[in-house]
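The following exercises concern ligands and empty space in a protein model. Please study the sequence and the structure before reading each solution.

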Amino acid sequence: MVTGATAGFGRAIAEKFAENGYRVLITGRRKERLLELEKELTATGTEVLSLNFDVRDIAAVKANVENLPSEWKNIDILVNNAGLAVGLSHIDDGDTDDWDRMIDTNVKGLLYVTRTVSPLMIAHGGGHIFNISSIAGKEVYENGNVYCASKHAVDALSKAMRIDLLKHGIKVTNIAPGMAETEFSIVRFKGDREKADAVYKGVKALTAEDIAEVIYFCATLPEHVCINDLTITPSQQASAGYLNRKV
Ligand code: NDP
Ligand code: 8X3
């Protein structure tokens with residue numbers, strides 16, 4: 001099960017697992033994109049189920065997961081990927097609606113999905129949860145305040161989940177990507193493509209496929225091996241603020 005599979009990492013992760021013969025359950029808010037991906041993946045011969053809901057809506061999360069057909073309830077891998085950054089401003093100047101969107105999606109949405117899916121994993125004797133945090137969950141940078149706080153929360157929740165779910169045989173892997181070119185910056189800059197493109201100027205950024213590759217690797221290691229935490233950056237990035245741009 002991959003949340004936020006209509007774009008970026010989520011889409012690439014769904015494609016990677018589908019091409020390797022996994023049944024995939026994809027979610028997102030944009031129904032047309034979900035149906036388009038469902039069609040694409042189904043054509044490869046894999047079984048796909050798409051669920052159209054907003055992770056911020058606990059009633060919708062519950063209704064969708066609890067009403068899964070029984071043959072889809074044995075979720076063994078959950079990728080908590082749905083998330084976003086909205087806005088980039090100093091704390092004294094931030095838009096509180098943007099803050100709500102980030103906290104509600106990145107933290108509360110991830111919690112709602114985990115709260116609903118983890119009992120299904122426990123019932124089936126184990127599983128593997130991937131939480132997509134960020135380099136922003138390891139460091140903070142100017143203007144990143146609330147987004148960084150939300151991703152630090154994901155980092156903390158990965159550690160907490162690993163402890164709480166240990167006895168149930170559920171592995172938890174925290175993934176902390178650096179700069180990756182997806183729709184992320186377009187969303188952060190509210191549709192301003194010029195600003196979004198400038199983020200990646202002179203850098204060969206990570207691709208969604210790079211992240212999918214890493215997650216697939218972690219998910220297919222032997223049962224007794226759990227990668228707890230991975231920070232992944234482009235070779236031209238040393239930390240959130242240090243980039244060797246070649247322009
Ligand atoms: P994209 O904008 O390309 O994709 C984001 C996905 O999240 C979309 O499928 C979107 O689907 C989904 N999503 C957003 N809000 C919600 C919601 N409320 N309910 C359900 N789905 C939602 O960005 P990325 O692929 O880059 O981002 C994926 C994750 O990776 C995020 O958590 C992001 O914070 C994190 N990340 C990204 C990095 C980057 O540089 N790109 C680096 C580090 C971490 P829809 O709009 O259809 O609902
Ligand atoms: C996205 C990476 O550096 O823009 O999480 O916060 S960054």
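**Exercise 1.** Determine which backbone and side-chain atoms in this predicted model lie close to an oxygen atom of ligand 1, and how much of ligand 1 the protein covers.

*Solution.*
Step 1. Begin with the backbone. An N or O atom in the backbone of glycine 4 is 3.0 Å from an oxygen atom of ligand 1. For asparagine 81, the corresponding backbone distance to an oxygen atom of ligand 1 is 2.9 Å.
Step 2. Turn to the side chains. Tyrosine 147 has a side-chain N or O atom 2.7 Å from an oxygen atom of ligand 1. With a cut-off of 3.5 Å for a pair of N or O atoms, these three pairs therefore count as polar contacts.
Step 3. Consider the cover. On its own, ligand 1 has 870 Å² of accessible area, and the protein covers 96% of this area.

**Exercise 2.** Describe the shell of residues around ligand 1.

*Solution.*
Step 1. The shell holds 30 residues, of which Thr6, Arg29, Asp54, Tyr147 and Thr182 come nearest to ligand 1.
Step 2. Sorted by class, these residues comprise 13 nonpolar, 11 polar and 6 charged.
Step 3. Ligand 1 sits in the largest pocket. Two or more residues of its shell come from each of the elements α1 (8-19), α5 (145-164) and α6 (184-188).

**Exercise 3.** Identify the surroundings of ligand 2 and its polar partners.

*Solution.*
Step 1. The residues surrounding ligand 2 are Ser134, Ile135, Ala136, Tyr141, Tyr147, Phe184 and Arg188. By class, this shell has 5 nonpolar residues, 1 polar and 1 charged.
Step 2. Three of these side chains are then examined in turn. Serine 134 places a side-chain N or O atom 2.5 Å from an oxygen atom of ligand 2. For a polar side-chain atom of tyrosine 141, the distance to an oxygen atom of ligand 2 is 2.4 Å, and for one of arginine 188 it is 3.2 Å.
Step 3. Ligand 2 exposes 240 Å² when taken alone, and 82% of that is buried by the protein. Ligand 2 sits in the largest pocket.

**Exercise 4.** Characterise the largest pocket: what is its volume, and which elements line it?

*Solution.*
Step 1. The volume of the largest pocket is about 1100 Å³. Its lining consists of 47 residues, and those closest to the centre are Leu84, Ala85, Tyr147, Thr182 and Phe184.
Step 2. At least two lining residues are supplied by each of α1, β1 (24-28), α5 and α6. Of the elements, α6 gives the most, with 4 residues.
Step 3. The lining divides by class into 23 nonpolar, 16 polar and 8 charged residues.

**Exercise 5.** Examine the second largest pocket and the largest cavity in the same manner.

*Solution.*
Step 1. The second largest pocket contains about 250 Å³ of space. It is lined by 13 residues, with Met1, Arg23, Val24, Asp76 and Ile77 closest to its centre.
Step 2. Both β1 and β3 (77-80) supply at least two residues of this lining. Its classes are 10 nonpolar, 1 polar and 2 charged.
Step 3. The structure has 1 cavity of 30 Å³ or more; the largest cavity has a volume of about 40 Å³.
Step 4. Among the residues that line the largest cavity are Thr3, Asn81 and Val113. Helix α4 (residues 96-123) contributes the largest share, 4 residues. This lining has 4 nonpolar, 5 polar and no charged residues.

Note on methods. Residues numbered from 1 in each chain as written. Chains lettered and ligands numbered in written order. Predicted model: local features only at pLDDT ≥ 70, side-chain atom pairs only at ≥ 80, totals over all residues. Heavy atoms only, no water. Near = heavy atom within 4 Å. Polar contact = N/O pair within 3.5 Å; in protein donor to acceptor, adjacent residues only side chain to side chain. Areas by Shrake-Rupley, 256 points an atom, 1.4 Å probe, with all protein chains shown as cover. 1 Å grid on protein atoms, 1.4 Å probe; cavity = no way out; pocket = protein on both sides within 12 Å on 5 of 7 lines; lining within 4 Å. Sits in = over half its atoms within 2 Å of the grid points. Nonpolar A, V, L, I, M, F, W, Y, C, P; charged D, E, K, R; others polar. Points joined across faces, edges and corners; volume = space filled by probe spheres on them.
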